[in-house]
Amino acid sequence: MRFSFNMTSDISRRIFLTGLLSGTATGAFAAPPQISLIPVARPTNLIPAAIGSLDQIIASANLSGDVGFAVADAKTGQMLESRGARKALPPASVTKAITAPYALDVLGAGHRFRTQILANGPIQNGTLKGDLYLVGGGDPVLSTDDLADMAASVKAKGINRINGKFIVIGTALPFVYSIDQGQPDHHGYNATISGLNVNFNRVHFEWKRDGKEYVTIMGAPAQRFKPVVNVAQMQIVDRKLPVYTYRRGNRIERWTVARSALGKGGARWLPVRNPELYAGDVFRAVAIEQGISLPAATVSDKSAKGTLIAENRSPSLGSLCRGMLKYSTNLTAEALGMTSSQMRNGTVDGLSVSASEMTKWAKAKLGVNAKFVDHSGLGDASRMAPQDMVKALARLQSGALPSLLKPIPMRDNDYKVMKNHPVTVRAKTGTLNFVSSLAGYLTAKDGTELVFAIFTADLSKRQKGRSSGDDRPRGARGWNRRSRLMQQQLLQRWGHIYGS
């Protein structure tokens, strides 16, 4: 496939353009050019009135800010329709559709993260005469149950107690306090990044009314084990706002919550900002549950030396990418991206440096201009133009990415799913307040395959919302909903017009 995006008007004329993928195709991303005759455009009077023209679709969305999109024929490389496609906007979580192939290219689909337990002394009469180490390998999906299985392996080695220290090490990745520094502390999706991550670095806060008071639990529940943790504590305070406050201590993370927000009961995940201590606390709890006595964990940044006692291996990278794209897990994206950047450079000094490395990779491998500030899309300072996203997706369609993306159902004007719709879409969504994006692959009823990207953003309103500190600034919910509806209308338009 060879495309070029040389647009001279707001809506591109349907002309065959060449050269989009020239000069940068290497390795798995190279594909032979396929040239075909220009398809005949359908007469506009054959377009159902319910679908509408571009102007009608965009006007009905009534979106402030910027609207940009591009759609191309996946086989011939023909640009079919575009508007504002050259303006770079925040891609939000569509960024993950670049992070996945970045990681797969650098690390390989079979890569697995390893978390290890090491012992540096002999085992005598059930006692380890030395220190026990929990060493992270950057695994983004390590869970309480995984740690419990490792504790069972320690038990099976004949260790019931230790007379040394229990040491946790999370230096496999650089520590990052939060992905986006400008967001409130209580957003669980704005994770801390470490080389030792458990439960996506979140603690489970649960509360239940008991008469006039509440019973609270700070825990780390999984499917089989549900330990209570000690390194995160919650206090209920009589106030209306803010709902949460947070203070990070050297060993204890202290939260407060407004009593007026609790109601009868509930639960939510909150971030942990001392992930190594949290992991150590969870491991100690599940170890004690299985009859192993351990002291409280201490954190070290030095290398561990000793005998391998237990090891947990993550699912394969391909499986991790599929889960990341389906559930849009930010910590997974950052761990995959930073591990890949370390593999390329040997070391990475922070998240922005790692994101710059992915930017360079996208330029070299995919021939696109972009600016990434992270690997998840949570930071709104990332920029990419719809035409570049289409260019990247076109290059990536012969690889694993299309099969890893999740299906996007077609919806009507009330946003209800239309079953058995002839248009099928596999894509990645992206959502921030006043930012909404969608990019991927569309297959029409007749089998015609398209590649598309739709980016919308009102950065002025987004900045005002961030400055106010509101989780959901006024008007954001409606704006994002209208953007998603517009995306649906564009997809259905393209599937009808070009699906013949």
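This report describes the nonpolar cores, one helix packing and two groups of strands in a predicted model.

Residues are numbered from 1 along each chain as its sequence is written, and side-chain values use heavy atoms, with hydrogens and water left out. As the model is predicted, local features need pLDDT of at least 70 and side-chain atom pairs count only at pLDDT 80 or more, whereas totals for chains, interfaces and linings use all residues.

**Cores and helix packing**

The largest nonpolar core has 59 residues, of which I98, I193, L336, F372, M384 and M389 touch the most other members; such a core is a set of buried Ala, Val, Leu, Ile, Met, Phe, Trp, Tyr and Cys residues joined through side-chain atoms within 4.5 Å, where buried means under 20% relative accessible area with a 1.4 Å probe and protein chains only. Helix α2 (residues 96–107) supplies the largest share of this core, 8 residues, helices (H or I, at least four residues) and strands (E, at least two) being DSSP runs numbered from the N terminus. Apart from this core lies another, of 47 residues, among them L142, V229, Y244 and A279.

The axes of α2 and helix α8 (residues 386–396) come within 11 Å and cross at roughly 35 degrees; axes are lines fitted to C-alpha atoms, for helices over the stretch in contact, and angles run from 0 to 180 degrees between N-to-C directions. The contact, meaning heavy atoms within 4.5 Å, is made by A97, I98 and P101 of α2 and by M389, A392 and L396 of α8.

**Strands**

Strand β13 (residues 253–258) is mostly covered, with 5 of its 6 residues buried. β12 and β13 form a hairpin with 4 residues between them. Two strands pair if DSSP finds at least two bridges between them, and the table lists three pairings.

| Pair | Bridges | Sense | One bridge pair |
|---|---|---|---|
| β11 (residues 232–237) and β13 | 6 bridges | parallel | Q235 and T256 |
| β12 (residues 244–248) and β13 | 5 bridges | antiparallel | Y244 and V257 |
| β9 (residues 202–210) and β10 | 7 bridges | antiparallel | F205 and M218 |

Strands β9 and β10 belong to an open sheet of 3 strands with the order β10-β9-β14 and antiparallel pairing. In this sheet β10 (213–219) and β14 (265–271) stand at the edges, each with a single partner strand, so one side of each is left without a neighbour in the sheet. From one strand to the next, the twist averages 20 degrees.

Notes:
Buried < 20%, exposed > 50% of the residue type's maximum accessible area, 1.4 Å probe, protein only.
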